[in-house]
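Subject: Structure for you to look at

Hello,

Here is the structure I promised to pass on. Please open it first, then read the notes underneath.

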Amino acid sequence: MGIFLIYILKSAVCLSLFYLFYRLLLSKETFHRFNRIALLGILFLSLLIPFIEVTTAHQTELSQTVLTVEQLLMMAVAQPEELSISWVQVLLLFYLVGIIFFACRNLYSLSRLLLLIKSGKQERLEGGVRLIVLEREVAPFSWMRYIVISRKDLDENGREILIHELAHIQNRHSWDLLVADICIFFQWFNPGIWLLKQELQNIHEYEADETVIEKGVDAKQYQLL
């Protein structure tokens with residue numbers, strides 16, 4: 001478990017540094033597709049880089065410091081049972097509780113989502129997309145190959161909303177958020193992963209909005225909507 005904890009800490013540091021560079025260099029750009037790829041790349045790189053070991057003929061001061069921290073963590077986690085519980089073990093327990101909490105929270109949200117989908121009237125759209133129409137008020141959203149919308153919104157602004165939500169589905173935005181949520185399970189303590197997910201969601205909305213405008217919807221009318 002000590003090795004896993006060290007891996008998570010390294011991964012969290014990598015993700016935070018990469019996201020900081022993204023905010024400084026790319027966040028102001030309007031190339032949304034490129035920015036989306038960059039954010040997903042940050043997620044995958046932060047998972048892979050901790051596995052890479054770089055050896056040098058002479059150890060630098062930084063490498064010696066990192067090695068010392070790793071050794072201390074491993075020694076603290078691997079304490080004999082007769083000794084009192086160390087602060088590292090307390091942090092590890094707190095970390096595991098966080099993983100369980102966020103896993104349960106997501107499972108609860110998923111169960112509510114499935115119940116909501118089941119409660120609505122289903123209609124088939126092209127491409128295997130299922131439209132779920134509810135008689136009660138609900139903010140329109142899409143998830144995987146489902147679009148959920150209230151009857152009122154469908155009657156009043158159905159065309160614009162469906163184009164927007166179909167763009168989310170066609171661009172597979174739900175899969176991006178699923179990957180981000182999996183990373184959040186293991187890095188829930190890292191503000192960088194939460195900011196990265198929010199940035200990813202913003203880019204998804206920009207991409208969907210661009211699709212709506214490209215379909216000929218009046219920009220001012222859509223902005224008011």
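Below is what I found, starting with the whole chain and then moving to single helices and residues.

**Overall picture**

Please keep in mind that this is a predicted model. The protein has eight helices and four strands. Their order is easy to follow: from the N terminus, the elements run α-α-α-α-β-β-β-β-α-α-α-α. The protein has 225 residues, and 38% of them are buried. Its exposed area is about 14700 Å². Carbon and sulfur atoms supply 64% of that area. Now take the contacts with a separation of 6 or more: 59% of them are between residues 24 or more positions apart.

**Cysteines**

How many disulfides are there? The count comes to zero. Two cysteines are worth a look for their surroundings. Cys-104 has a relative accessible area of 45%, so it is partly exposed. Cys-183 has a relative accessibility of 7%, so it counts as buried. Cys-183 comes up again below, in the contacts of helix α6.

**Helix α6 and its partners**

Most of my notes concern α6, so a word on the terms. Two packed helices are described by the angle between their axes and the distance between the axes. Helix α6 covers residues 173–187. I looked at three of its pairings.

Start with α2, residues 32–48. The axes of α2 and α6 come within 11 Å. They cross at roughly 30°. Angles under 35 degrees count as roughly parallel, so α2 and α6 are roughly parallel to each other. Their crossing is left-handed. On the α2 side, the residues that meet α6 are Arg-36, Leu-40, Leu-43, Phe-44 and Leu-47. On the α6 side they are His-173, Asp-176, Val-179, Ala-180 and Cys-183.

Next comes α7, residues 191–214. Here the axes come within 10 Å and cross at roughly 175°. Angles over 145 degrees count as roughly antiparallel, so α6 and α7 are roughly antiparallel to each other. From α6, the contact takes in His-173, Asp-176, Leu-177, Ala-180, Asp-181, Cys-183, Ile-184 and Gln-187. From α7, it takes in Ile-193, Trp-194, Lys-197, Leu-200, Gln-201, His-204 and Glu-207.

The third partner is α4, residues 87–119. Helices α4 and α6 pack at an angle of about 150°, with their axes 8 Å apart. That makes α4 roughly antiparallel to α6. Tyr-95, Ile-99, Phe-102, Ala-103 and Asn-106 of α4 make the contact with Asp-181, Phe-185 and Phe-186 of α6.

Ser-174 is also in helix α6. Is Ser-174 buried or exposed? Its relative accessibility is 16%, so Ser-174 counts as buried. Leaving out residues up to four places away in sequence, Ser-174 touches Ser-142, Trp-143 and Met-144.

**Strand β3 and the loop after it**

Strand β3 spans residues 141–143, and Phe-141 is in it. Phe-141 is partly exposed, with a relative accessible area of 23%. Which residues does Phe-141 touch, not counting those up to four places away in sequence? They are Leu-113, Leu-116, Tyr-146, Ile-147, Val-148 and Glu-165. Phe-141 and His-168 are 27 residues apart in sequence. Their C-alpha atoms are 9.2 Å apart in space.

Met-144 sits in the loop between β3 and β4.

**Two positive phi values**

Most residues other than glycine have a negative phi. Met-144 has a positive one, near 55°. Arg-172 also has a positive phi, near 55°. Arg-172 lies in the loop between α5 and α6. Its relative accessible area is 54%, so Arg-172 is exposed.

**Near the C-terminal end**

Gln-221 belongs to helix α8, residues 219–224. With a relative accessibility of 45%, Gln-221 counts as partly exposed. Gln-221 and Glu-160 are 61 residues apart along the chain. Their C-alpha atoms are separated by 9.9 Å.

Best wishes

Terms used. Residues numbered from 1 in each chain as written. Predicted model: local features only at pLDDT ≥ 70, side-chain atom pairs only at ≥ 80, totals over all residues. Heavy atoms only, no water. Helix = DSSP H or I, 4+ residues; strand = E, 2+ residues; numbered from the N terminus. Buried < 20%, exposed > 50% of the residue type's maximum accessible area, 1.4 Å probe, protein only. Contact = heavy atoms within 4.5 Å. Areas by Shrake-Rupley, 256 points an atom, 1.4 Å probe, with all protein chains shown as cover. Disulfide = S-S within 2.5 Å. Axes fitted to C-alpha atoms, helices over the stretch in contact; angles between N-to-C directions. Parallel < 35°, antiparallel > 145°, perpendicular 65-115°, else oblique. Left-handed = near helix turned anticlockwise from the far one by under 90°.
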